[in-house]
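Open your viewer, switch to a cartoon view and keep the sequence panel at hand. We will move from stop to stop, selecting a few residues at a time.

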Amino acid sequence: MGTNQWVWNELTNTNVAWVSRVFSFEPADLLNPPTPTQDFDNYVYRFRFGTFVDGYVQIPARVLDIKNDVLISRDVTLKRSIFAAERHVSIFRRLSELIEHSDSIVIGGERPEAIPRDVFEELIKKFPNTYELDRYAGARVHTILSEYLDGMKDARGRYETYLNRKQMALTRTTKLDLSVLKKLEIEKYVLIRDMINDALATKQNLSEGEWQQLMLSFLLLLFPKYIKVLENITIHDYYSDPTKKTNRYIDIGLVDANGNLDVIEVKKPFDDKILRKSLYRGNSIPTSELSGSIMQAEKYLFHLSKWGVKGEETLTKKYAAELPTGMKIRISNPKAIIIVGRDQIGGTEMTGSQLLDFEVIKRKYANMLDIITYDDLLRRLNNTIDALSG
């Protein structure tokens, strides 16, 4: 049997043949069917891949096993690397999964909805290579093992060590020694900074849910006004559909010492999630990721505020076992914190102009939102450490 005969066998037996785990062809797509006595050693399959339409190559969604047709400008050279990344990862399948509509995905050319050619080429470059995938696998193994093995950097374990040292220092002191407390406070912030630095360097390939769980270890230390973290809070929305109550879900809520409930959104630390690369009339504007996070947080605050006293009673009853005895949850002008992205665009630090535009965006929402990048977080920690050490 020739090395290529498996393709014909797949077509005749299952009516579909997969090539590189990315392209899906049916018997009708084959332009040169083999003869009954075909020698497959030198046989080359020729499949109908797409058709030319108004300056574009139109590839049916079926061929790429996605929900969207793909239109690629004729000035883009068709080659395997624009369809398949390392280890047969389908690039257009990933794109299709990220968009909700079933309209065509357009690459290059003059259509207004098209992804510009240079942006698409940069996107392809950012798909992980074999080395990065191996590092991702290693990071996942590290994350799992760090829960069970000593010697790895584990936030909970290191924090417990810090607490034990703090307790020992306090029990040895017969009178209040502010220098001991100050030293321990510095150690706390150094610990948090080092752990976040380590996470940014080694755990970026975690899912968003896994990343949130990792950051939960730090939240009460980063924001000491809060005493309790609440997860998966169900709130009621009476406005999206006035005919019925709709449940909404807040991933993470923070309760302060007076019982006031605030919201925190923890996003993964990707680059290029703050400002778009292209300018609008000379100004940097938020990415869809940042705008979406802001809108999501604003709607949480809106629904919480409208829920009012009834919401306070419902949440207090639900979380009574997790709160200090007698504490009631209060929904009183709730605020939100968004931790998102890095101070980088296109792999380089933001310029002074970009930082100014970002500051304008943050100040616009300052009365209800605190937008913090992971670099902001590290700067705040470093400033706190310097102030306490002075």
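## Stop 1: the sheet

Select β9 together with β10 (residues 336–339): these two strands are parallel and are joined by 4 bridges. Bear in mind as you look around that this is a predicted model. For a pair to click on, take Glu265, which has Ile338 of β10 opposite.

While β10 is highlighted, add helix α11, residues 374–389. α11 packs on the sheet and touches β9, β10 and β13, and its direction is at about 90° to that of β13.

Now colour the whole sheet. In what order do its 5 strands come? The order is β7-β8-β9-β10-β13, in an open sheet with mixed pairing. At the edges you will find β7 and β13 (369–372), each of which pairs on one side only. From one strand to the next, the twist averages 30°.

Next, show α9. This helix lies across β7, β8, β9, β10 and β13, and runs at about 95° to β7.

## Stop 2: along β7, β8 and β9

Select residues 226–237 and 246–256, which are β7 and β8. The two strands run antiparallel, with 10 bridges between them. Click on His236 and look across to β8, where Asn247 stands opposite.

Then step from β8 to β9. This pairing is antiparallel as well, over 3 bridges, and Val255 has Leu261 of β9 as its bridge partner. β8 and β9 make a hairpin with 4 residues between them. Pause in that turn at Gly259, whose phi is positive, at about 90°.

## Stop 3: Lys267

Follow the chain out of β9 (261–266) into the loop that leads to α9 (288–318), and select Lys267 there. Is this lysine buried or exposed? Lys267 counts as buried because its relative accessibility is 11%, and the cut-off for buried is under 20%.

Show side chains here. Those of Lys267 and Glu265 are joined by a polar contact of 3.4 Å. Glu265 is the residue you met opposite Ile338 at the first stop. Which residues beyond its sequence neighbours within four places does Lys267 contact? They are Glu208, Trp211, Glu289, Ser293, Gln296, Ile339, Val340 and Tyr374.

## Stop 4: β5 and the nonpolar core

Move to another part of the chain and select β5. What covers are there to see on its two faces? Val70 and Ile72 on one side are buried, and so are Leu71 and Ser73 on the other, with both faces of β5 covered.

Bring in the partner strands. β4 runs antiparallel to β5, with 4 bridges joining them, and Gln58 stands opposite Leu71. β6 runs parallel to β5, joined to it by 3 bridges, and here Val70 has Ile105 opposite.

Keep Val70 selected and show its surroundings. Apart from neighbours within four places in sequence, Val70 contacts Val57, Gln58, Ile59, Leu64, Phe92 and Ile105.

Val70 is also one of the residues with the most contacts inside the largest nonpolar core, a set of 34 residues. The others to highlight are Ile59, Leu64, Ile72, Phe83, Phe92 and Phe120. Elements giving two or more residues to this core include α1 (5–14), β2 (23–25), α2 (61–64) and α4 (117–126).

## Stop 5: helix α3

Select α3 (91–98), which also contributes to that core. Ser90 caps the N-terminal end of α3, with a side-chain oxygen 3.2 Å from the backbone nitrogen of Arg93.

Now look at which way the helix faces. Ile91, Phe92, Leu95 and Ser96 are the buried residues to colour in α3. They lie on the same side of α3 because they cover an arc of only 130° around the axis. Turn the view to the face away from this buried side, and you will find the exposed residues Glu97 and Leu98. Among what covers the buried residues are α2, β5, β6 and α4.

## Last stop: Ala84

Finish in the loop between β5 and α3 by selecting Ala84. This alanine is buried, with a relative accessible area of 5%. Setting aside neighbours within four places in sequence, Ala84 contacts Val22, Val89 and Ile91. Try a distance label between the C-alpha atoms of Ala84 and Phe23: they are 61 residues apart along the chain and separated by 9.2 Å.

Notes:
Residues are numbered from 1 along each chain as its sequence is written. This is a predicted model: local features need pLDDT of at least 70, side-chain atom pairs count only at pLDDT 80 or more; totals for chains, interfaces and linings use all residues. Side-chain values use heavy atoms; hydrogens and water are left out. A nonpolar core is a set of buried Ala, Val, Leu, Ile, Met, Phe, Trp, Tyr and Cys residues joined through side-chain atoms within 4.5 Å. Buried means under 20% relative accessible area, exposed over 50%, partly exposed in between (1.4 Å probe, protein chains only). Contact means heavy atoms within 4.5 Å. A polar contact is a pair of N or O atoms within 3.5 Å; within protein, one must be able to donate a hydrogen and the other to accept it, and residues adjacent in sequence count only if both atoms are side-chain atoms. Two strands pair if DSSP finds at least two bridges between them. The arc is that of the directions from the helix axis to the C-beta atoms. Axes are lines fitted to C-alpha atoms, for helices over the stretch in contact, and angles run from 0 to 180 degrees between N-to-C directions.
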